[in-house]
Structures are given as structure tokens and as C-alpha cells.
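Me: I'm trying to learn how to read a protein fold, one piece at a time. Could you take a close look at one sheet for me, and then at the salt bridges?

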Amino acid sequence: QVQLVESGGGLVQPGGSLRLSCVASGIPFNRNAMGWYRQAPGKQRVLVARITTDGSTNYADSVEGRFTISRDNAKNTVYLQMNSLKPEDTAVYYCNSQSTLYWEYGKEYWGQGTQVTVAS
């Protein structure tokens, strides 16, 4: 059974920081690209950051320079360090995995989401 379990969300003041974690089980973690997406109320879910199996990263323009995605393959965990948070970062953040194994390339799973609220 595949599980992606996020944690670390919460309420933070503008300018503050949070670190999200996502622990994966049931997948070959080191053969999955991992990503963080977010969905604000009334809006579509969008990519925030992504990290490939070899550690290459890409970010949404809105978070470039403020957020950092990283992974620890030994712990089957992907992180999202969020600094200089703004009210517009408020959303539910979802962890995503995408397989790079050739027989299931692109197969993806989602976590249940964790709420991040940035407000004073």
C-alpha cells in the first residue's frame, strides 16, 4: 500500500518559516521524482517545487529563492523549506511522487495534504 504522509503545516506570520516533510512508503523512493504542489481556495492545484531522482530541482517563479526542496533517500522523505512566507502562500500543500521506472513511468501518487496559513 502506497502512502505519502505530509506534516509540518500550520499557522505562521508573514516573513516566517515552515518546513514541510513527506514520508513515502510502498514505493521505490529513490526511483521516484518528488514534488510539492499547493491549492488555494477556489484555485487549481499548482506545482511549487520538484526534485528528480538525481537531485535536480525546479521551482515555481512565485517561490524561487524563498523555498527549497530536498530529499533524503535513506529516510524516504522529501522536504520543503519555506522561508519569507507571504499571505499568498496560504494553501493546502500536497506531496506528489512520479515513478521513473520504465514499466510504470509517470505513475503518480498524492498525499492527503497539509494546511499552511500565513497570517498576522
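Reply: Sure, let's begin with one pair of strands. β1 and strand β3 (residues 18-25) run antiparallel and pair over five bridges. To find a spot where they meet, look for Glu-6: its bridge partner in β3 is Cys-22. Keep in mind as you look that this is a predicted model.

Now step across to the next neighbour. β3 also pairs with β8, again in the antiparallel sense, over six bridges. Here you can use Leu-18 as your marker, since its bridge partner in β8 is Met-82. One more step takes you from β8 to β7, an antiparallel pair with six bridges. In that pair, Arg-71 has Val-78 of β8 as its bridge partner.

Put those steps together and you get an open sheet of four strands, in the order β1-β3-β8-β7, with antiparallel pairing. The edges are β1 (3-7) and β7, and each of them pairs on one side only. On average, neighbouring strands in this sheet are turned by 15 degrees against each other, if you ignore direction. What holds strands like these side by side? In general, strands of a sheet pair through backbone hydrogen bonds, either parallel or antiparallel.

Next, the salt bridges. The count comes to two. Start with Asp-89 and Arg-38, whose side chains meet in a salt bridge with N to O at 2.9 Å. This one ties together distant parts of the chain: Asp-89 is in the loop between β8 (77-82) and β9 (91-99), while Arg-38 belongs to strand β4 (residues 32-39), 51 residues apart. Are these two residues buried or exposed? Both Asp-89 and Arg-38 are buried.

Asp-89 has another partner too: it forms a salt bridge with Arg-66, and the closest N and O atoms are 2.8 Å apart. Again the link is between distant parts of the chain, with Asp-89 in the loop between β8 and β9 and Arg-66 in the loop between β6 (57-59) and β7 (67-72), 23 residues apart. Buried means under 20% relative accessible area. Asp-89 has a relative accessible area of 1%, so it counts as buried. Arg-66 comes out at 11%, so it is buried as well. Because they share partners, the salt bridges join Arg-38, Arg-66 and Asp-89 into one network.

If you want to trace this on screen, go from Arg-38 to Asp-89, then on from Asp-89 to Arg-66.

Conventions: Residues numbered from 1 in each chain as written. Predicted model: local features only at pLDDT ≥ 70, side-chain atom pairs only at ≥ 80, totals over all residues. Heavy atoms only, no water. Salt bridge = Lys/Arg side-chain N within 4 Å of Asp/Glu carboxyl O. Helix = DSSP H or I, 4+ residues; strand = E, 2+ residues; numbered from the N terminus. Buried < 20%, exposed > 50% of the residue type's maximum accessible area, 1.4 Å probe, protein only. Pairing = 2+ DSSP bridges. Axes fitted to C-alpha atoms, helices over the stretch in contact; angles between N-to-C directions.
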